[in-house]
Amino acid sequence: IVGLPSQAGFEFQCRNILGDKAAAVSMMSFETLPWACRIKEFGRKVEVLGTKSVLAASLIKGTAETVDPLSTLQKLHGAEPVFRLAKHFLEMLIMSYSFVHPAILYGRWGPWDGKPVSEAPLFYQGIDQATADMLTACSDECKAVGNAIMAACPGNDLSDVKDIYQWYLEYYHEDIQDDHDLYHAITTNKSYKGLVHPVKTVDGGVAPDFGNRYLTEDIPMGMIVFKGVAIAAGVPIPNN
């Protein structure tokens, strides 16, 4: 069973659904999409803005005999991105970075006065330094959880959990034009060119669409799952 991409806790859901059969099944979980892309015409056309250089996947090997799933998927998918096997399946949960979309939305619309704006603002390339700092703080919490799990459970290797700035440098190094800090790594990323905030048309212009998947998926199926792991690991993270 392959989740490409998967959400945080994908393996937990698979095991719960399969029950006793789960032990025989191999499960792969990829951290994100291979591309930065957008649907242009549903079911017919997409626009690929950029391809990641590398993509990590976790593998929980089942007891049933199978061909090597990672190399098989690489052959089917093509040369890029290069698929990398993670050391531990929790690496995918922690490094899903499900906080990115909600944090960027909060950075732009947190102080919003409720009045329509004339056009949808740029999403990634429109962030400010305060939002970049918030992303770094969230990333630091992810690293703290990984370190706490390794300290409490020796033998579980989460050493590949990296901060979000290093993640950008590794995954988008060919597309970033200025890499001297996280703010510039995001705002000068060519793969993000032209991507805007999810909005809906209202009288007088447009307003943020808070029913978009950036919130309806990333919070309940990402951030909340991560918070549960953080609580189990004894790492305090903000409650608001």
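Visitor: Hi! Starting with the largest pocket, how do the residues of its lining divide into nonpolar, polar and charged?

Guide: Hello! The lining of the largest pocket has 20 nonpolar, nine polar and six charged residues. Please keep in mind that this is a predicted model.

Visitor: Noted. What volume does that pocket have?

Guide: The largest pocket has a volume of about 900 Å³. It is lined by 35 residues, and those closest to its centre are Thr32, Leu33, His101, Tyr124 and Arg213. Elements that give two or more residues to this lining are strand S3 (35-41) and the helices H4 (100-109), H6 (164-171) and H8 (213-216).

Visitor: And which element gives the most to that lining?

Guide: That is S3, with five residues.

Visitor: Which domains does the lining of the largest pocket draw on?

Guide: Domain 1 (2-86) and domain 2 (97-233) each supply at least three residues of the lining.

Visitor: OK, let's switch to those domains. How far apart are their centres?

Guide: The centres of domain 1 and domain 2, taken over C-alpha atoms, are separated by 21 Å. Domain 1 brings 16 residues to the contact and domain 2 brings 18 residues.

Visitor: How much area do the two bury between them?

Guide: Domain 1 and domain 2 bury about 1,400 Å², with 48% of that on carbon and sulfur atoms. As background, the accessible area lost when parts come together is often used to give the size of an interface.

Visitor: How many salt bridges are counted between domain 1 and domain 2?

Guide: One salt bridge is counted between domain 1 and domain 2. The whole structure holds seven salt bridges.

Visitor: Where would I look for the one made by Arg84?

Guide: Look at the side chains of Asp160 and Arg84, which meet in a salt bridge at 3.4 Å, N to O. Asp160 sits in the loop between helix H5 (129-152) and H6, while Arg84 is in strand S6 (residues 82-85), so this pair ties together parts that lie 76 residues apart in sequence.

Visitor: Nice. New topic: how many cavities of 30 Å³ or more does a search of the whole structure find?

Guide: The search finds one cavity of 30 Å³ or more. The largest cavity has a volume of about 50 Å³.

Visitor: What lines the largest cavity?

Guide: Its lining runs through Ser6, Gln7, Ala8, Gly9 and Glu11, then Ser29, Phe30 and Glu31, and finally Phe89, Met92, Leu93 and Ser96. Strand S2 (27-30) and helix H3 (90-94) each contribute at least two residues to that lining.

Visitor: How do those cavity residues divide by character, nonpolar, polar or charged?

Guide: The lining of the largest cavity has five nonpolar, five polar and two charged residues.

Visitor: Last thing, the backbone. Is the peptide bond from Glu80 to Pro81 cis or trans?

Guide: The Glu80 to Pro81 bond is cis, with omega near -5 degrees. Pro81 is found in the loop between helix H2 (69-77) and S6. For context, most peptide bonds are trans.

Visitor: And what kind of peptide bond joins Leu4 and Pro5?

Guide: Leu4 and Pro5 are joined by a cis peptide bond too, with omega about 0 degrees. Pro5 belongs to the loop between strand S1 (2-3) and helix H1 (10-18).

Visitor: Great, thanks for the tour!

Note on methods. Residues are numbered from 1 along each chain as its sequence is written. This is a predicted model: local features need pLDDT of at least 70, side-chain atom pairs count only at pLDDT 80 or more; totals for chains, interfaces and linings use all residues. Side-chain values use heavy atoms; hydrogens and water are left out. On a 1 Å grid over the protein atoms alone, a cavity is a set of points where a 1.4 Å probe fits but cannot get out, and a pocket is an open set with protein on both sides within 12 Å along at least five of seven lines; lining residues have an atom within 4 Å of a point. Grid points are joined across faces, edges and corners, and a volume is the space filled by probe spheres set on the points. Helices (H or I, at least four residues) and strands (E, at least two) are DSSP runs, numbered from the N terminus. Ala, Val, Leu, Ile, Met, Phe, Trp, Tyr, Cys and Pro count as nonpolar, Asp, Glu, Lys and Arg as charged, and the others, Gly among them, as polar. Domain bounds come from an automatic or database domain assignment. Contact means heavy atoms within 4.5 Å. Buried area is the accessible area (1.4 Å probe) that two parts lose on being put together, summed over both. A salt bridge is a side-chain nitrogen of Lys or Arg within 4 Å of a carboxyl oxygen of Asp or Glu.
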